[in-house]
Amino acid sequence: MSSQLESVKSNLLTHFEALISPILEKAANEGFSARSAEVACWKAILPAGAALLTNVLGLCCRTASEKVLHERGWTLDADGEGPRARRRTDYVARLKSTFGPIAVPLFALRTPGTGSATVAPGRLLFPHYPRMRSSELLIEWECSLAADHPFRKASEALLFFSHGAADVEDTTIERHAVAIGNAVPVDWLYLTPEKIREILRDRAVRDLDTGLPIINASTDAHALKRFVDGNWNPQWKMTNGIRLWATDKNTGETLHLGGEYTWGDCVEVRNRFEWLQERGILPADGDYGEGVVAQIALVTDGLDWIIDYVLALFPEAVTVLDPYHVLQHVAEAAKKAFPAKKHRKKVQGIVRQARKALGMRERRDRTVERAGENRNRRKRRWSGFDGSGKRLLDEVLRPLLEKATCGKARIHRAIRYVERNLFRLDYGELRTRGFTLGSGAMESMHRTGSQLRLKRAGCHWTAEAAQGILNLRMLAMSGRWQEYWNQAELPHIDTIRRAARPGCGSHPKSEACQVCRPPNTTDLVARPHRPI
């Protein structure tokens with residue numbers, strides 16, 4: 001093997017010298033501009049990298065085949081009844097890489113005896129192949145760009161920044177990104193319980209009453225244009241989001257702990273929260289182990305199904321109704337009571353009274369910053385400490401009902417809304433304990449996690465494509481992108497194989513045969529009539 005390695009090294013060095021020598025000679029004689037020199041170096045690096053990568057992967061495939069021969073006590077026999085090397089062009093993996101197209105010999109073997117078949121142990125190096133004819137690193141690049149840009153822009157960006165080496169069609173990028181996004185395990189969209197425990201112990205804001213670190217959870221839906229019913233008429237459909245976060249006690253920064261989106265209904269949302277409990281990502285009692293017990297705060301809107309399907313799962317949680325939704329009901333009731341344009345100021349006054357009843361001060365145009373110790377205290381000052389739903393009923397809604405001459409049905413509806421959610425409207429106490437009242441963190445996830453990519457002008461999605469891109473974006477938001485792709489065995493491989501099993505055409509995909517089953521390390525990928 002050493003002589004073969006020396007031969008490979010010698011050939012590569014000769015190839016590299018042929019690429020580098022013209023650049024050095026031109027630099028010594030004619031000279032380059034800074035830009036043209038860099039372009040010339042890239043033109044030399046790309047074919048050199050492709051040659052090096054091809055030889056490295058080829059040596060890995062050869063080593064895998066030699067290991068099989070050694071383990072089974074076989075010796076290559078070109079003419080006899082022993083195993084034979086298969087050198088046909090069918091047994092070459094042709095891939096696109098970040099250096100450009102490469103063709104890697106698989107060093108396939110023809111097994112001896114009855115039931116002879118061609119096996120390629122080196123194929124295990126290419127788990128996505130032949131479903132995806134891109135290298136693993138290039139697939140990662142495709143997914144990263146597809147998660148942030150339209151597929152055509154992703155294709156153009158990939159071609160531009162790889163200096164023309166990675167030429168992948170936009171439809172190919174879409175297929176790869178959607179397949180992998182849908183196959184990413186949901187666990188990876190959240191931080192691990194151990195990491196969450198560390199953040200809660202060291203960085204999270206604490207409940208000033210109990211001293212427990214606060215972990216916030218929320219669920220909310222937003223609309224995306226989606227194809228339904230097998231026709232080409234897209235409709236607005238709601239996708240439900242879930243987010244977990246904490247607040248940094250020193251900076252006030254929102255610490256994202258994980259989140260996801262689902263096209264499912266309220267039952268599916270409940271199932272997702274139950275799954276979070278089972279995994280220890282959001283335990284019902286807040287106990288993360290090692291003495292870290294968190295106070296769970298559920299910050300949501302006032303929809304009835306949230307009370308029945310989500311809040312019921314966390315009996316010890318602090319529940320908060322987002323004040324914005326309360327003020328929205330008050331404003332709508334005031335508009336119905338005073339619909340004329342001349343009463344616009346009166347409606348605005350009623351909303352101001354409602355803000356005061358909820359303990360919310362008027363917004364300032366700017367925050368005056370002071371030097372010295374009071375600077376941060378001034379910026380982080382709480383809005384008020386005396387707001388509650390009871391004050392809102394007594395001071396705003398019931399007096400409004402008495403004064404109104406029309407729109408009383410809408411006012412009654414607002415009163416019922418507040419009465420039904422009184423247990424979540426004790427804003428004064430919640431502020432004094434240090435809880436977050438608004439669901440701005442959840443709404444901002446809609447913007448950064450979904451809308452910047454999926455709600456562009458003219459974007460229409462299938463449920464599968466949207467879910468794949470959402471999962472990729474949430475994986476990136478969790479901060480675990482590099483951790484995921486640096487694994488020796490990527491978790492999505494088995495799912496992709498099962499979903500895209502090519503089959504031999506003689507049975508349903510749900511069944512398995514020697515041709516269709518995915519490769520593994522114990523059985524040597526026997527494919528008698530489907531060479532790789």
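Is Trp 42 buried, partly exposed or exposed? With a relative accessibility of 32%, Trp 42 counts as partly exposed. The model you are looking at is predicted, so please read every value below as computed from that model.

**Surface patches**

Let us stay with Trp 42 for a moment. This residue sits in helix H2, which covers residues 34-72. Together with Ile 45 and Phe 99, Trp 42 makes up a nonpolar patch on the surface. The accessible area of these three residues adds up to about 250 Å². Patch members need over 30% relative accessible area, and Trp 42 has 32%.

A second patch is a positive one, and its members are Lys 341, Arg 344, Lys 345 and Arg 352. To find Lys 341, go to the loop that links helix H9 (323-337) with helix H10 (344-357). Lys 341 counts as exposed because its relative accessible area is 70%, and the cut-off for exposed is over 50%.

**A buried arginine**

Arg 473 belongs to helix H16, residues 463-477. Its relative accessibility is 9%, and because buried means under 20%, Arg 473 falls into that class. What does the side chain of Arg 473 reach at 2.6 Å? The partner is the backbone oxygen of Ala 147. A polar atom of the Arg 473 side chain also lies 2.4 Å from the backbone oxygen of Thr 448.

**Backbone points to check**

Some background for this part: most residues other than glycine have a negative phi, and most peptide bonds are trans. Two residues here have a positive phi without being glycine: Phe 107, at about 55°, and Glu 290, at about 55°. The table puts their places and accessibilities side by side.

| Residue | Phi | Loop between | Relative accessible area |
|---|---|---|---|
| Phe 107 | about 55° | strand S3 (100-105) and strand S4 (108-110) | 30%, partly exposed |
| Glu 290 | about 55° | helix H7 (266-279) and strand S9 (295-300) | 66%, exposed |

Which two residues does a cis peptide bond join? They are Tyr 129 and Pro 130, and omega there is about 0°. On the chain, Pro 130 is part of the loop between strand S5 (118-119) and helix H3 (136-148).

**In brief**

If you would like a short tour in the viewer, you could start at the nonpolar patch of Trp 42, Ile 45 and Phe 99. From there, go on to buried Arg 473, and finish at the cis bond between Tyr 129 and Pro 130.

Technical notes:
Residues are numbered from 1 along each chain as its sequence is written. This is a predicted model: local features need pLDDT of at least 70, side-chain atom pairs count only at pLDDT 80 or more; totals for chains, interfaces and linings use all residues. Side-chain values use heavy atoms; hydrogens and water are left out. Patches are made of residues with over 30% relative accessible area and no salt bridge: like charges are joined within 9 Å, nonpolar side chains (Val, Leu, Ile, Met, Phe, Trp, Tyr) within 5 Å. Accessible areas come from the Shrake-Rupley method with a 1.4 Å probe; for residues, only the protein chains shown count as cover. A salt bridge is a side-chain nitrogen of Lys or Arg within 4 Å of a carboxyl oxygen of Asp or Glu. Lys and Arg count as positive and Asp and Glu as negative; His and the chain ends are not counted. The place of a charge is taken as NZ of Lys, CZ of Arg, CG of Asp or CD of Glu. Helices (H or I, at least four residues) and strands (E, at least two) are DSSP runs, numbered from the N terminus. Buried means under 20% relative accessible area, exposed over 50%, partly exposed in between (1.4 Å probe, protein chains only). A polar contact is a pair of N or O atoms within 3.5 Å; within protein, one must be able to donate a hydrogen and the other to accept it, and residues adjacent in sequence count only if both atoms are side-chain atoms.
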